[in-house]
Amino acid sequence: GRPRLAIHGPYIFLTRGVWRVTVRLSFDADAAQKPYQIQCGGSESYAEHDFSPGRSGIYEITLEHEWPTHAATEVRLLLLQGAFHGQITLHGAVVQRVS
């Protein structure tokens with residue numbers, strides 16, 4: 001099936017500049033076998049990273065993205081397959097200005 005959003009938010013506003021987003025997620029053994037894409041950005045552009053954990057555990061993923069203007073942002077975790085079995089836990093996200 002089509003990719004599906006598993007996690008999205010928090011819709012905070014960031015000023016123009018380069019921002020770093022670090023997300024901590026954990027996957028159980030079943031969820032770790034699926035392919036994912038994590039995205040951060042606004043409605044017009046996103047930084048993206050494809051990954052498949054392969055084993056259960058806690059993972060930290062860092063993305064940097066340049067916001068051209070003051071705009072709302074979100075972090076999205078997409079399941080790249082339509083079917084899903086398992087557990088994903090969001091442990092948090094840290095947003096930091098780089099420049």
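Is E64 buried, exposed or partly exposed? In this predicted model, E64 is partly exposed, with a relative accessible area of 41%, and the close-up views described below begin with its surroundings before turning to the sheet, the core and the backbone of strand 1.

**View 1. The salt bridge between E64 and R20 connects strand 5 with strand 2.** The closest N and O atoms of E64 and R20 lie 2.8 Å apart, and the two residues, which are separated by 44 residues, link distant parts of the chain. R20, like its partner, belongs to the partly exposed class, its relative accessible area being 28%. Side chains of opposite charge can pair when their charged atoms come close.

**View 2. A salt bridge between E60 and R24 also links distant parts of the chain.** E60 is located in strand 5 and R24 in strand 2, with their positions 36 residues apart, and their closest N and O atoms are 3.7 Å apart. E60 counts as exposed because its relative accessibility is 51% and the exposed class begins over 50%, whereas R24, at 36%, counts as partly exposed.

**View 3. E74 takes part in a salt bridge with R76.** In this pair the closest N and O atoms are separated by 3.5 Å. E74 has a relative accessible area of 10% and is therefore classed as buried, the limit for that class being under 20%. The total in the model, by the rule applied here, is three salt bridges.

**View 4. An open sheet is built from four strands in the order 1-6-3-4, with antiparallel pairing.** Strand 1, covering residues 4-14, and strand 4, covering residues 46-51, form the edges, each of them pairing on one side only. With direction ignored, neighbouring strands of this sheet are turned against each other by 10° on average. Strand 3, which spans residues 36-41, runs antiparallel to strand 4 and is joined to that strand by six bridges; within this pairing, Y36 stands opposite F51 of strand 4.

**View 5. The largest nonpolar core of the model comprises 17 residues.** The residues with the most contacts inside this core are L25, F27, Y36, I38 and F51. At least two core residues are supplied by each of strand 2 (17-27), strand 3, strand 4, strand 5 (57-67) and strand 6 (71-79), and strand 2 provides the largest share, namely four residues. In soluble globular proteins, nonpolar side chains tend to be buried together.

**View 6. The surroundings of Y36 include residues that are distant in sequence.** Once neighbours within four places in sequence are left aside, the contacts of Y36 include F27, A31, H49, D50, F51 and P53, and further along the chain L77, L78, L79, L80, F84 and I88. Among these partners, F51 is the residue that stands opposite Y36 in strand 4, and both F27 and F51 are, together with Y36, among the residues with the most contacts inside the largest nonpolar core.

**View 7. The backbone of strand 1 contains a cis peptide bond at P10.** This bond joins G9 and P10, and its omega is about 5°. Y11, also placed in strand 1, has a phi near 60°, which is a positive value in a residue other than glycine. Most residues other than glycine have a negative phi, and most peptide bonds are trans. Y11 is partly exposed, its relative accessible area amounting to 46%.

Key. Residues numbered from 1 in each chain as written. Predicted model: local features only at pLDDT ≥ 70, side-chain atom pairs only at ≥ 80, totals over all residues. Heavy atoms only, no water. Pairing = 2+ DSSP bridges. Axes fitted to C-alpha atoms, helices over the stretch in contact; angles between N-to-C directions. Core = buried A, V, L, I, M, F, W, Y, C linked by side-chain atoms within 4.5 Å. Buried < 20%, exposed > 50% of the residue type's maximum accessible area, 1.4 Å probe, protein only. Contact = heavy atoms within 4.5 Å. Salt bridge = Lys/Arg side-chain N within 4 Å of Asp/Glu carboxyl O.
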